[in-house]
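Thanks for coming, everyone. Please have a look at the model on the screen, and I'll walk you through it.

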Amino acid sequence: MKLTMASSPHNHSQKSVSRLMLTVIAACVPGIAVQSYFFGSGVFLQLLLALITVTLAEAAVLKMRGRAVWPTLQDGSAWLTAVLLAISIPPLAPWWIVVIGCIFAIVMVKQLYGGLGFNLFNPAMAAYVLLLISFPVQMTSWSPINEIMHAPLNWQDQFHVILFEATASGQTLEAWRATVIDGATSATPLDSVKTAVGKGLTVTESMSVIGFGEIAGQGWQYVNLAFLAGGLWLLKSKVINWHIPVAFLCSLAFISAAGYLIAPESQPGMLFHLLSGGTMLGAFFIATDPVSASTTNQGRLVYGALIGILVYVIRQFGGYPDAIAFAVLIMNMAVPLIDHYTQPRTYGHGANQ
């Protein structure tokens, strides 16, 4: 056997960047499938629009910068950004919502900083926050799940709504929502519970309406379980480290359980927080972004735990129904400080001379 000598760094991973990105996208498939089952095939059109937009946007910026287009596109990072943003917005949001978000994510958040490896913030979450602040109505108008609607839209009408903001018969989305179901709104379970509690109802009373299961919102709990399955596969495949998702979920579980014990009438339980909104998507697919997250093992634990705490605080006391994007972006800003104080001690450091 011939021994080959080489200088550092010694990389033992056989997976390229493109293969890692495509693996993460593949792990999203169970969650996307479940999400489309409950909320309609509009999810697939949003994905298609997002993938086309990020490809064109990145190609245009690379051309202007005089960089090779195809080798950069092949790394798959832009496509992963497209997938994460597309599944974070309401499936029936107008087409221009996802287009604006994807252009901002690629041009302003990623390429303006120098491309993959140089962006300070998670591109998909930065774009999500831009859209949420700029277009709050479109970004918070989730339709009830198909199973509880009298007349759910077929896929042709869903595509027509996304492209023209009306069904094929000319009915607006708002008019359709007002007629398809009684006693349910288009708000997410997180927003519904928070609004109801603010009006003086208990958590139990606020979850007794149509659209809620025994644990969380109907549909949402299964979407989260599907993303959990994909995340566990990423852990098993060693595509991501366990530190961030475990710290995130444990801190969120602990603080939400404590809140429930203190005020059970106004605080949802632990499982509600874990299986609502984008919790599992955030824990395994967003917070673990290798570029904008902490790079040390101790730092990853701190980073993940603080995201979990921020998610709970913003959900309970903030003005937005979900908090994944805000929590991740806030902690992106803290990454340099976290990494500075959690760097592993150099071998021999502090030893007596």
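I'll start with the core, go on to a buried helix and a buried glutamate, and finish on the surface. Keep in mind that this is a predicted model.

First, the core. The largest nonpolar core has 94 residues. Which of them touch the most other members? They are F285, Y303 and I307. Helix α18, residues 324-341, gives the largest share of this core, with nine residues. Now look at I307. Leaving out residues up to four places away in sequence, I307 touches F248, A287, A327, V328 and M331. As general background, nonpolar side chains in soluble globular proteins tend to be buried together.

Next, helix α5, which runs over residues 77-86. How many of its ten residues are buried? Ten of the ten, so the helix is largely enclosed by the rest of the structure. The buried residues include W79, T81 and V83. A78 is among them too, and we meet A78 again in a moment.

That brings me to E58. Find E58 in helix α3, residues 42-65. Is E58 buried or exposed? Buried: its relative accessible area is 0%. What does its side chain meet? One polar contact goes to the side chain of K110, at 2.9 Å. Another goes to the side chain of Q111, at 2.8 Å. Not counting residues up to four places away in sequence, E58 touches T72, L73, A78, I106, K110 and Q111. So here is A78 from α5, in contact with E58.

Now the surface. M108, L112, Y113, F118 and L120 form a nonpolar patch there. Together they have about 540 Å² of accessible area. Take F118 from that patch. F118 sits in the loop between α6 (95-110) and α7 (123-134). Its relative accessibility is 54%, and the cut-off for exposed is over 50%, so F118 counts as exposed.

Last, two backbone details in loops. E165 has a phi near 60°, a positive value in a residue other than glycine. Where is E165? In the loop between α9 (155-164) and α10 (173-180). E165 is partly exposed, at 43% relative accessible area. K238 also has a positive phi, near 60°, and is likewise a residue other than glycine. K238 is in the loop between α13 (220-236) and α14 (243-262). With a relative accessible area of 73%, K238 is exposed.

That's the tour. Thank you.

Note on methods. Residues are numbered from 1 along each chain as its sequence is written. This is a predicted model: local features need pLDDT of at least 70, side-chain atom pairs count only at pLDDT 80 or more; totals for chains, interfaces and linings use all residues. Side-chain values use heavy atoms; hydrogens and water are left out. Patches are made of residues with over 30% relative accessible area and no salt bridge: like charges are joined within 9 Å, nonpolar side chains (Val, Leu, Ile, Met, Phe, Trp, Tyr) within 5 Å. Accessible areas come from the Shrake-Rupley method with a 1.4 Å probe; for residues, only the protein chains shown count as cover. A salt bridge is a side-chain nitrogen of Lys or Arg within 4 Å of a carboxyl oxygen of Asp or Glu. Helices (H or I, at least four residues) and strands (E, at least two) are DSSP runs, numbered from the N terminus. Buried means under 20% relative accessible area, exposed over 50%, partly exposed in between (1.4 Å probe, protein chains only). A nonpolar core is a set of buried Ala, Val, Leu, Ile, Met, Phe, Trp, Tyr and Cys residues joined through side-chain atoms within 4.5 Å. Contact means heavy atoms within 4.5 Å. A polar contact is a pair of N or O atoms within 3.5 Å; within protein, one must be able to donate a hydrogen and the other to accept it, and residues adjacent in sequence count only if both atoms are side-chain atoms.
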